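Subject: The structure we talked about, with notes

Dear colleague,

I am sending you the structure below, and my notes on it follow directly after. Please keep it open while you read, so that you can look up each place as it is mentioned.

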Amino acid sequence: MLATTIRTLVLALIWAALQGAFDVPNLLFGLLLGAGVTVFSKPIFDANDDRGAFRGANPVRRLVRFGVLVLVFLRELFVSSVRVARITVAPSFDIRSAVIEYPLDVRTKREITALANLITLTPGTMTLDVSADQKHLYIHSMSVESDDGAEVIADIKSSLEKHVQRAFGPAKATLDQ
C-alpha cells in the first residue's frame, strides 16, 4: 500500500512539473491520473501478483534491465534501418524474403507480446502470428540468407529476446541467461 501511494504521489508531482503549475486543481488532477496509472499498472509492480511475472524482483534492477532493453532496441532499430536503406537503394534487386518459424524461449504472454511488438517495430521484420501452443512466432523477414532464416533467428535471440526475458521475465532472470 505504501509503494502504491508513493508511486501515485510521484506521478502527481511529475504531472504538475510537466504542466508547470503546482496549484491545487492541477495537483488533484495529477493525483487522479497517478492513481489511475498505478491501478492499471499494478500487475507490473505488485510483488504479490499471482500471475507473478515480476514477483520478488528488485524494482531498481527491473528498471535498469528495462532501460537496457530500450537501448538494445534503439541499436537494433538503427542497424535495421541502415540495412533496409541499403537494400532499397542497391542497384540490384536481390531480395530474398521469407516467413520464418521462430522458436520462443520466452513463455509468459507479457514477454511474447513485448518481443512480437519489438520485432514488428524493427524495420525489415514483421510478426505475423503466434502459434496456438505459444512456442513459436511466425515472422516475415525482408532479407534472409538461408531458407530457414537461421541468421535472423540467431540475431533476434541474441539481442531482443534475451533482453526481453531480463526486463519482463521472472525475478530470477540473470544477466548470464
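Does Ile-156 count as buried or exposed? At 6% relative accessibility, Ile-156 counts as buried, because the cut-off for that word is a relative accessible area under 20%. Please bear in mind, here and below, that this is a predicted model.

Ile-156 has its place in helix H6, and its surroundings are worth tracing in the viewer. If we leave aside the neighbours within four places in sequence, Ile-156 is in contact with Tyr-102, Leu-115, Ile-119, Ile-139 and Glu-161. You may also want to find Glu-76, which is 80 residues away from Ile-156 in sequence, while the two C-alpha atoms are 9.3 Å apart in space.

The overall plan

The protein has 6 helices and 3 strands, and when they are read along the sequence they follow the pattern α-α-α-α-β-α-β-β-α. Of its 177 residues, 31% count as buried. The accessible surface comes to about 11100 Å², and 66% of this belongs to carbon and sulfur atoms. Among the contacts with a separation of 6 or more, residues that are 24 or more positions apart account for 64%.

The sheet and the helices on it

The 3 strands form an open sheet in the order S1-S3-S2, and their pairing is antiparallel. The edge strands are S1, residues 98-103, and S2, residues 125-130, each of which pairs on one side only. On average, and with direction ignored, neighbouring strands of this sheet are turned by 30° against each other.

Helix H5, which covers residues 109-121, packs on the sheet and touches S1, S2 and S3, and its direction makes about 145° with that of S2. Helix H6, residues 150-168, lies across S1 and S3 and runs at about 50° to S1.

Strand S3, residues 136-141, pairs with S1 in the antiparallel sense over 6 bridges, and with S2, again in the antiparallel sense, over 5 bridges. On the side of S1, Ile-100 stands opposite Ile-139 of S3, and Ala-98 has Ser-141 as its bridge partner in S3. On the side of S2, the bridge partner of Met-126 in S3 is His-140.

Which residues of S3 make up its covered face, and which its uncovered one? The covered face consists of Leu-137, Ile-139 and Ser-141, whereas the uncovered face consists of His-136, Tyr-138 and His-140. Here you meet Ile-139 again, which belongs to the covered face and is one of the contacts of Ile-156.

A residue to look at in the loop

Between S2 and S3 there is a hairpin with 5 residues between the strands, and Gln-134 is found in that loop. Most residues other than glycine have a negative phi. Gln-134, however, has a positive phi of about 55° although it is not a glycine. At 30% relative accessibility, Gln-134 counts as partly exposed, because that term covers the range between the cut-offs of 20% and 50%.

A nonpolar patch on the surface

The last thing I noted is a nonpolar surface patch of about 820 Å², which is made by Leu-2, Ile-6, Val-10, Leu-11, Ile-14, Leu-18, Phe-29, Leu-33 and Val-37. The elements that give two or more residues to this patch are helix H1, residues 2-19, and helix H2, residues 24-40. The largest share, 6 residues, comes from H1.

Why can Leu-11 be called partly exposed? Leu-11, which lies in helix H1, has a relative accessible area of 31%, and it is therefore partly exposed.

If you would like to follow these notes in the viewer, you could begin with Ile-156 in helix H6, then turn to the sheet with its strand order S1-S3-S2, and come last to the nonpolar patch to which H1 gives 6 residues.

With best wishes

Notes
Residues numbered from 1 in each chain as written. Predicted model: local features only at pLDDT ≥ 70, side-chain atom pairs only at ≥ 80, totals over all residues. Heavy atoms only, no water. Patch = residues over 30% accessible without salt bridge, like charges linked within 9 Å, V, L, I, M, F, W, Y side chains within 5 Å. Areas by Shrake-Rupley, 256 points an atom, 1.4 Å probe, with all protein chains shown as cover. Salt bridge = Lys/Arg side-chain N within 4 Å of Asp/Glu carboxyl O. Helix = DSSP H or I, 4+ residues; strand = E, 2+ residues; numbered from the N terminus. Buried < 20%, exposed > 50% of the residue type's maximum accessible area, 1.4 Å probe, protein only. Pairing = 2+ DSSP bridges. Axes fitted to C-alpha atoms, helices over the stretch in contact; angles between N-to-C directions. Contact = heavy atoms within 4.5 Å.
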